[in-house]
Amino acid sequence: MKQKLFWTIDIGGTKVLLLLIDSNGKVLFRQKIKTPKPSKPQAVVDTIVETIQAETEQKKLGFKAELAGLGICTAGFVDHQEGLVHQSPNLEWHEPVPLGNYFKQRVNCPVVIENDTNAAVVGEVLYGAACGHKDVIYVTLSTGIGGGLFLNGCLYRGADGFAGEIGHTKAFGRGRPCKCGNTDCLETWASGSALARSAGEIWDEKEQKGDHITTAWVFEQADKGNTLAQAIIDHAAATIGLGLSNLVTLFNPTCLVIGGGVAANRTDFLKQITETIRNKSIKPAVEITSLTIIPAALEPEAGIWGMYSLLTGQAK
Ligand SMILES: [Zn+2]
């Protein structure tokens, strides 16, 4: 019998991650390529298909193995049933893209499309930080803020696949616009780019050009004892903590996984967020329920392992 192989792909705004994994979970190929610029859908599909075909030919995979599935995750509003990406601000796709069909025309195997943070929560549950948990909230603190819900043992997508968009729940603010078209979304006040933006608005432009301020710079200044930078970070941590405490109160999870570059290796920042979650959630959800709040374990491949789980039927 031929060995079953699965291609799992995460399309990001700057890079595309491709892994070829066999049915035992062994990684046979792993590559990171640049997302074509401009990131027109057809160019992205072509680049991925060419990489897959080159690898298949080089390894002569066709003789001893069969391609059993192709799974793609990407940021944006994804209808997994239709394989449709309604909108992906990171890829600058503002019109619906039938990504599933584009791939189905090019490969001879089942194709699954999913939102990247939906895939990530599945990955963290099956292979990562939330192993063994049935009720999990995943949040990624990055340029934006993304989220995924795994409830009662299943990925929770909502009616059309748009559930879990934690970054676009609303925070108290002063009308700061968001990429989604609305204002005062959580990510406009508490993401990595929001931190830099808040600092840019405050700092004297002569001293430090506002548009060159980065998230890392804000954390650096705070570490050096700058109270203004620290206040920006405190505000972001409190805002995220509040947003997540609402989710804990709503869904009563046993595990909350925090991923993304903004929180990674920043113990104090994570501690601030964790404390707010514990203080602001309803008491039973943190006192009777044993709630674990932990950093993600699979980055940057959480979405990849989620797609693998979905393709192999370990998760639905
Ligand atoms: Zn928004």
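Two strands pair if DSSP finds at least two bridges between them. That rule is used below on a predicted model.

**Stop 1: strand β8.** Select residues 136-141, which form β8. Six of the six residues in this strand are buried. Look at the directions of the side chains: V136, Y138 and T140 point one way, while I137, V139 and L141 point the other way. Both sets are buried.

**Stop 2: the partners of β8.** Add residues 145-151, strand β9. β8 and β9 are antiparallel and share six bridges. Between them is a hairpin connection of three residues. To see one of the bridges, pick V136 in β8 and F150 in β9.

Now add residues 255-259, strand β11. Here the pairing with β8 is parallel, with five bridges. T140 of β8 has G259 of β11 as its bridge partner.

**Stop 3: I258.** Which residues does I258 contact, leaving aside its neighbours within four places in sequence? They are V139, L141, A263, L270, I273, I293, P295 and A296. V139 and L141 belong to the β8 set that also includes I137.

**Stop 4: the largest nonpolar core.** Select V218, I233 and I258 together; within this core of 89 residues, they touch the most other members. Then select residues 227-251, helix α8, which gives the core nine residues, the most of any contributor. Finally, colour domain 1 (3-119 + 301-311) and domain 2 (129-295) separately. Both domains give residues to the core, so the core lies between them. In soluble globular proteins, nonpolar side chains tend to be buried together.

How values were computed: Residues numbered from 1 in each chain as written. Predicted model: local features only at pLDDT ≥ 70, side-chain atom pairs only at ≥ 80, totals over all residues. Core = buried A, V, L, I, M, F, W, Y, C linked by C-beta atoms within 7 Å. Buried ≥ 20, exposed ≤ 12 C-beta atoms within 10 Å, placed from the backbone. Helix = DSSP H or I, 4+ residues; strand = E, 2+ residues; numbered from the N terminus. Domains from an automatic or database assignment. Contact = placed C-beta atoms within 7 Å.
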